[in-house]
Amino acid sequence: MTLRLPLGAAPDGRPLTVSEITATAREVLETAVPPLWVVGEVSGFKRHASGHWYFTLKDADAQLRCVMWRGDAARVKGVPEDGLQVFARGALTVYAKRGDLQFVARDILPTAEGGFYAALLERARANLEKDGLLDPARKRALPQFPRAVGVVTSPEGAAWRDIVAVVGRRWPLAELVLVGARVQGEDAPADLCRALALAGRLDGLDVLIVGRGGGSKEDLWAFNDERVARAVAASPVPVISAVGHETDVSLTDLVADARAATPTAAAEKAVPDRAELLRRLLAQQGTLGATAARRMELVRERLRGAAARMDRACARHVERGTARLRDALVRIAAAGARALEARRSEVARLAAKLDALSPLRVLERGYAVARDAGGRVLRRAGDFPPGLAFRLRLADGEVRARSEGSR
Amino acid sequence: MSASSLQEDLARLDAIVRALEADDLDLDRALALFEEGVERLRAARERLSAADLRLRQLREAADGSVRLDDVEG
């Protein structure tokens, strides 16, 4: 702290002016006292036409004059009313014109819902919201069938035991990876951040549960720490936040991808139920079998239909073929008959011709053939020396004869 | 065993059942799908019946590397 003037007198020993005093006091205050939070009851609240707010914070024994500049006032949700307990963040100064101690408030939070914790929580929430970390669109879907489930919690706590029990019962295919962290106490936020970052470095995690069992507001406080909330939001895998019992909502609940009322509920959210899945598979097997059977039946029907049609088609072809064959046979037979008839009349003609030439025919007309004993035909008169025995062949028989000589 | 292929099996099964339920499918394809469906069912059931819950603890080693140790339930 450096002062322009030694307290008590000006450098030249003259008395200090009022302005010098207030300026000195202001400098002392502004340099020596860092920005701070103050709690008190609002009174005399005035909103100036300029947009600045003027009010007094008081408690049973003291008052503090406050101002809030337009720009800061515009960011406050709602307007403080007289009688309201608030937290105000700001810095002390001196308002020289009046010689008043003055508090320049930058931020005001109502304390009505839960006191200082609520105020801090609201502040952290507002910061997270400003950075878009509460945007519902950020929320990632949880994996359907996780293989590795990370759990950031105390290795000694009930949460870990509950989660082991639930996952062991529902989804023992999984691997549970404990990332131990202190979940309460002053160093819990930093340790939770460390554990969350460590979990983020492990490849193959499918989902991460962060939380602890129920406790007092103070016990659960680490999960309302803005740093922890940001570490949850930064997780590379979806996070389920499970802090305390049914009614507690923590900051990590707001930034996590899913929220569960208890660690048990978180485990149920994280993994499916094997028994249920097996039932579903069984049902699917039934459907598969039924559709396959129905399809086979359809095919069988079509085959039967095709076979019947083929039968009919064949029968028609055979019918047609048979008719043609019959026709051909008839034609062939007719042709054969004609040929035979022609041959037959030819034979008859030849036969008639032969018949005319037949020696028997000649003999019948009264001629005879003479042959000697050797059967030689005797043609000339000279062939009949006297006394020659010969045979005469007539149409109806043979006569033995003897030559008396020729003339 | 891997969970992602279980997911694949289940998704594929759904698709197969849907395809079989639609009628515009030739027989060879239907039979192939049916066989695949049966195989996927078997694989999925096998995967589901496998294994006891494995518990491990993630720690950071002194050299800054991450280490997984088995722990008792």
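Two strands pair if DSSP finds at least two bridges between them. Helices (H or I, at least four residues) and strands (E, at least two) are DSSP runs, numbered from the N terminus.

This is a predicted model, in which local features need pLDDT of at least 70 and side-chain atom pairs count only at pLDDT 80 or more, while totals for chains, interfaces and linings use all residues. Residues are numbered from 1 along each chain as its sequence is written, and chains are lettered from A and ligands numbered from 1 in the order in which they are written.

## The shared sheet

Strand β8 (residues 207–212) of chain A runs parallel to strand β9 (residues 239–243) of chain A, and five bridges join them. Within that pair, A:V210 has A:S241 in β9(A) as its bridge partner.

Both strands belong to an open sheet of seven strands with mixed pairing. The order is β10(A)-β9(A)-β8(A)-β6(A)-β7(A)-β1(B)-β2(B). At the edges stand β10 (258–260) of chain A and β2 of chain B; each has a single partner strand, so one side of each is left without a neighbour in the sheet. Neighbouring strands are turned by 25° against each other on average, direction ignored. Axes here are lines fitted to C-alpha atoms, for helices over the stretch in contact, and angles run from 0 to 180 degrees between N-to-C directions.

Where do chain A and β1(B) pair? Strand β7 (residues 175–180) of chain A pairs with β1(B) in the parallel sense, over four bridges. A:L176 has B:L55 as its bridge partner in β1(B).

Helix α4 (residues 158–170) of chain A packs on the sheet. Contact means that the C-beta atoms of two residues, placed from the backbone, lie within 7 Å. Helix α4(A) touches β6 (148–153), β7 and β8 of chain A together with β1 of chain B. Its direction makes about 160° with that of β6(A).

## The interface

In total, 32 residues of chain B are in contact with 32 residues of chain A. On chain B, α1 (3–21), α2 (27–49), β1 (54–60) and β2 (66–70) each supply at least two residues of the side that touches chain A. The largest share, ten residues, comes from α2(B). By class, this side of chain B has 20 nonpolar, five polar and seven charged residues. Ala, Val, Leu, Ile, Met, Phe, Trp, Tyr, Cys and Pro count as nonpolar, Asp, Glu, Lys and Arg as charged, and the others, Gly among them, as polar.

The partner of α2(B) is helix α9 (residues 274–357) of chain A; their axes come within 10 Å and cross at roughly 165°. That makes α9(A) roughly antiparallel to α2(B). Angles under 35 degrees count as roughly parallel, over 145 as roughly antiparallel, 65 to 115 as roughly perpendicular and the rest as oblique. The crossing is left-handed. A crossing is left-handed if the near helix is turned anticlockwise from the far one by less than a right angle, and right-handed if clockwise. Residues of α9(A) in this contact include A:L277, A:L281 and A:L288, and those of α2(B) include B:F34, B:V38 and B:L41.

## Helix contacts by residue class

| Contact | Nonpolar residues | Polar residues | Charged residues |
|---|---|---|---|
| α9(A) with α2(B) | 13 | three | three |
| α5(A) with α6(A) | eight | no | one |
| α4(A) with α8(A) | six | one | three |

## Inside chain A

Chain A comes to ten helices and 13 strands. Of its 407 residues, 25% count as buried. A residue is buried if 20 or more other C-beta atoms lie within 10 Å of its own, exposed if 12 or fewer, and partly exposed in between; C-beta atoms are placed from the backbone. Among contacts in chain A with a separation of 6 or more, 60% link residues 24 or more positions apart.

The axes of helix α5 (residues 188–201) and helix α6 (residues 226–233) of chain A come within 9 Å and cross at roughly 10°. That makes α5(A) roughly parallel to α6(A).

A:V228 lies in helix α6 of chain A. Is A:V228 buried or exposed? A:V228 counts as buried, with 29 C-beta neighbours inside 10 Å. Not counting residues up to four places away in sequence, A:V228 touches A:P189, A:L192, A:C193, A:A222, A:F223 and A:T252.

Helix α4(A) also packs with helix α8 (residues 263–270) of chain A, at an angle of about 35° and with the axes 8 Å apart. This crossing is right-handed. Among the residues that meet are A:I163 and A:V166 in α4(A), and A:P263 and A:A267 in α8(A).
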